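Let's take a walk through this chain, from its overall build down to single residues. Keep the viewer open, and turn the molecule as you read.

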Amino acid sequence: MRVSLEEVTKVFDGGVTALDGLSLDIEDGEFFALLGPSGCGKTTLLRTIAGLETASAGVLRIGDRDVTRLPPGERDVAMVFQDYALFPHMTVADNVAYPLRIKKVGRTERRAKAAQTAAGLSLAGLMERRPAQLSGGQQQRVALARAMVAEPTVFLLDEPLSNLDARLRLEARTFLKRLQHDLGVTTVFVTHDQAEALALADRIAVMDAGRIRQLGTPREIFQRPANVFVAGFIGSTPMNLLEGECVAGDGEAAESWGHQIDITGVRLPVPEEIVTELNPGDKVIVGVRPEYLVEAEEGIEGQVDIVENLGTTSLVTLTTTGPPVQVTVPEGREPEPGATMRVTPEPGRMLVYRADDGELID
Ligand code: ATP
């Protein structure tokens, strides 16, 4: 079922604005991530969809129904909490069957349905155990089974993988993706882990201070962050954000490119597609991922400060006359600390942001 928010605001008692006039359409069947730093409002947004918080203003629809003022039980949504919130005194079977009991489904049907759902999540052998006798991954599956059993039209997952250790988390991530794909139920999940959002979601909303800063597919958000906030937030090694100034081109460059961007005395061509958007004197921020910087004679010069081994690549931090620059080099090609390196963006890999508002020029 489609979930749509129209200018939704949530102001808590005490005056904190957790959601600030937020509009968003989540499509039917979509696996949708709410991503952002601590305090940006993502949990509040999820809880508002669930009905655990009521919007202070705006309209929330699930399908064609206006649910803004409806209590959680009438919204046909199921939420899985970060700590799973299983009932400790109940067996797995009773935990999973609980939502059916609330719906007054008969005992026989309840049991059959719970068993079927649990089996689908590989819990069949654990039905008589209590939550304390389960591993973290098993508890998570019980929580998912309990959410699924009443066949809600929307799933809401609050940091679904954060209680699992690193190895189990990867396993559970794959499992969750397959499950969502198989069920095809609209699923909204909250995470502060950008790798998790990129790996799982069909689309991501990156939030900051109660607003959406970018909405897009993982690829769009990774390749073309819409502003420096998103650029700095996404990527396992953050994007280099280098201050520069637009200058008039000279010689041949002037004919082919018009203007150039000066970064610490090094001139980079302005990407052709945005050349008309810039004028000499404009202050910009050039964004380029460490993976997309390559060595070049005419590049930005720096001294190798730190080399970190990332497995198949190494991350090199250069000190420059400006802020440090990070560049990824292939395994076995690591420079010595103290060596000089000159680097430049690969063609087509440079993003240019306006320095005043931090928005991407495109
Ligand atoms: P985290 O990743 O740390 O959970 P979050 O992005 O989920 O953060 P929210 O929990 O939605 O953020 O909080 C958004 C803002 O609203 C924060 O400033 C928070 O302090 C505030 N807030 C959340 N719940 C309440 C509440 N019940 N009463 C008052 N303020 C609240």
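What follows starts with the whole chain, then goes through helices, sheets and a couple of individual residues.

First, a word on what you're looking at: this is a predicted model. The chain runs to 362 residues, and 37% of them are buried. Its C-alpha trace spans about 85 × 50 × 35 Å along the principal axes. On the secondary-structure side, you'll find nine helices and 19 strands. If you take the contacts with a separation of 6 or more, 62% come from residues 24 or more positions apart.

Now for the annotated part. In the unreviewed UniProt entry, residues 3-234 carry the annotation "domain: ABC transporter". That span is 36% helix and 25% strand, and the C-alpha atoms at its two ends lie 25 Å apart.

Inside that stretch, go to helix H2, which covers residues 92-102, and helix H4, which covers residues 136-148. Their axes come within 7 Å and cross at roughly 30°. Angles under 35 degrees count as roughly parallel, so H2 is roughly parallel to H4. The crossing of H2 and H4 is right-handed. On the H2 side, the contact is made by Val 92, Asn 95, Val 96, Tyr 98 and Pro 99, while H4 brings Val 142, Ala 145 and Arg 146.

Which residues of H2 are buried? They are Val 92, Asn 95, Val 96, Ala 97, Pro 99 and Leu 100. These buried residues pack against H4 and also against helix H3 (107-120). After H2 comes Lys 104, with a positive phi near 60°.

Further along, there's a neat hairpin to look at. Strand E9 (residues 203-208) and strand E10 (residues 211-216) pair in the antiparallel sense over five bridges. Met 207 stands opposite Ile 212 in E10. Two residues sit between E9 and E10, and Ala 209 in that turn has a positive phi of about 50°.

Before moving on to the sheets, a bit of background. Strands of a sheet pair through backbone hydrogen bonds, and the pairing can be parallel or antiparallel.

One open sheet has five strands, paired antiparallel in the order E13-E12-E11-E14-E19. Strand E13 (266-269) and strand E19 (351-354) are at its edges with a single partner strand each, so one side of each has no neighbour in the sheet. The twist averages 40° from one strand to the next. Zoom in on strand E11 (residues 240-248) and strand E12 (residues 259-263): they run antiparallel and are joined by four bridges. Glu 245 has Asp 262 in E12 as its bridge partner.

While you're around this sheet, find Glu 277 in the loop between E13 and strand E14 (283-288). Is Glu 277 buried, exposed or partly exposed? It has 15 C-beta neighbours inside 10 Å, so Glu 277 counts as partly exposed. To get a feel for distances, try Glu 277 against Ser 122: they are 155 residues apart along the chain, and their C-alpha atoms are separated by 56 Å.

Next is an open sheet of four strands, in the order E17-E16-E15-E18 and again with antiparallel pairing. Here strand E17 (325-330) and strand E18 (340-345) take the edge positions; each has a single partner strand, so one side of each is left without a neighbour in the sheet. The twist in this sheet averages 55° from one strand to the next. Seven bridges join strand E15 (residues 293-309) to E18, with the two running antiparallel. Among the residues involved, Glu 295 has Val 343 in E18 as its bridge partner.

Finally, stay in the four-stranded sheet and pick out Ser 314, in strand E16 (residues 313-319). Burial takes 20 or more other C-beta atoms within 10 Å. Ser 314 has 19, so it is partly exposed. Leaving out residues up to four places away in sequence, Ser 314 touches Val 307, Glu 308, Asn 309, Val 329, Glu 331 and Glu 334. For another distance to check in your viewer, Ser 314 and Gly 332 are 18 residues apart in sequence, and their C-alpha atoms are 8.7 Å apart in space.

How values were computed. Residues are numbered from 1 along each chain as its sequence is written. This is a predicted model: local features need pLDDT of at least 70, side-chain atom pairs count only at pLDDT 80 or more; totals for chains, interfaces and linings use all residues. UniProt positions are given in the numbering used here, feature names are shortened, and annotations may be inferred rather than shown by experiment. Two strands pair if DSSP finds at least two bridges between them. Axes are lines fitted to C-alpha atoms, for helices over the stretch in contact, and angles run from 0 to 180 degrees between N-to-C directions. A residue is buried if 20 or more other C-beta atoms lie within 10 Å of its own, exposed if 12 or fewer, and partly exposed in between; C-beta atoms are placed from the backbone. Two residues are in contact if their C-beta atoms, placed from the backbone, lie within 7 Å. Angles under 35 degrees count as roughly parallel, over 145 as roughly antiparallel, 65 to 115 as roughly perpendicular and the rest as oblique. A crossing is left-handed if the near helix is turned anticlockwise from the far one by less than a right angle, and right-handed if clockwise.
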